[in-house]
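Colleague: I'm new to reading protein models. Could you walk me through this one, feature by feature?

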Amino acid sequence: MKKILVATDFSSAAFNAAKYAVEMASAIHADILLFHVYQIPVIYSEVPIAVDQNEMMKNIEKDIVK
């Protein structure tokens, strides 16, 4: 089976590219794989800053639903 890998950062340009990929996949009967990578920021400062990875994932999942 044919597959199209669609990388996204949830920007408007990425959204347009995903729409284009969906139309192409429909035309050639292919599956779509949506791919998003995030990096936990490393912050160097005198005051430690907590980064909540679960909160980052919730925000990403919220963007997927849009």
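Modeller: Sure! Let's start with a term: a residue is called buried under 20% relative accessible area, exposed over 50%, and partly exposed in between. Keep in mind that this is a predicted model.

Colleague: Okay, let me try that on His 29. Is His 29 buried or exposed?

Modeller: His 29 has a relative accessibility of 64%, so it counts as exposed. You'll find His 29 in the loop between helix 1 and strand 2, which covers 31-35.

Colleague: What about the backbone there? What is the phi of His 29?

Modeller: Phi is a backbone angle you can check residue by residue. For His 29 phi is positive, about 55°, even though His 29 is not a glycine. Now look at Phe 10: its phi is near 65°, again a positive value in a non-glycine residue.

Colleague: And where is Phe 10 found?

Modeller: Phe 10 sits in the loop between strand 1 and helix 1. Its relative accessibility is 25%, which is why Phe 10 counts as partly exposed.

Colleague: Let's zoom out. How many helices and strands are there in the protein chain?

Modeller: The chain has 2 helices and 2 strands. Reading from the N terminus, their order is β-α-β-α.

Colleague: Back to that loop after strand 1. Which side chain reaches the backbone nitrogen of Phe 10?

Modeller: That's the side chain of Thr 8, at 3.0 Å. Thr 8 lies in the loop between strand 1 (3-7) and helix 1 (12-28). With a relative accessible area of 13%, Thr 8 is under the 20% cut-off, so it is buried.

Colleague: Which residues does Thr 8 touch, not counting those up to four places away in sequence?

Modeller: Its partners are Ala 14, Leu 34, Phe 35 and His 36. Take Ala 14 from that list: it belongs to helix 1 and is buried, with a relative accessible area of 9%. Seen from its own side, and leaving out residues up to four places away in sequence, Ala 14 touches Thr 8 and Asp 9.

Colleague: How do I read the overall shape?

Modeller: One way is to set the radius of gyration beside the value for a compact globule. For 66 residues that value would be near 11 Å, but this chain has 16 Å. Another way is to take the spans along the principal axes: the C-alpha trace covers about 55 × 20 × 20 Å.

Colleague: And how much of the chain is buried?

Modeller: Buried residues make up 14% of the 66 residues. The accessible surface comes to about 5700 Å², and 60% of that belongs to carbon and sulfur atoms.

Colleague: Last one: what about contacts across the sequence, and charges?

Modeller: Among contacts between residues at least 6 apart in sequence, 60% join residues at least 24 apart. As for charges, there are 6 positive and 8 negative side chains, and the centres of the two sets lie 9 Å apart.

Definitions and conventions: Residues numbered from 1 in each chain as written. Predicted model: local features only at pLDDT ≥ 70, side-chain atom pairs only at ≥ 80, totals over all residues. Heavy atoms only, no water. Helix = DSSP H or I, 4+ residues; strand = E, 2+ residues; numbered from the N terminus. Buried < 20%, exposed > 50% of the residue type's maximum accessible area, 1.4 Å probe, protein only. Polar contact = N/O pair within 3.5 Å; in protein donor to acceptor, adjacent residues only side chain to side chain. Contact = heavy atoms within 4.5 Å. Rg over C-alpha atoms; globule rule 2.2 N^0.38 Å. Areas by Shrake-Rupley, 256 points an atom, 1.4 Å probe, with all protein chains shown as cover. Lys, Arg positive; Asp, Glu negative; His and termini not counted. Charge placed at Lys NZ, Arg CZ, Asp CG, Glu CD.
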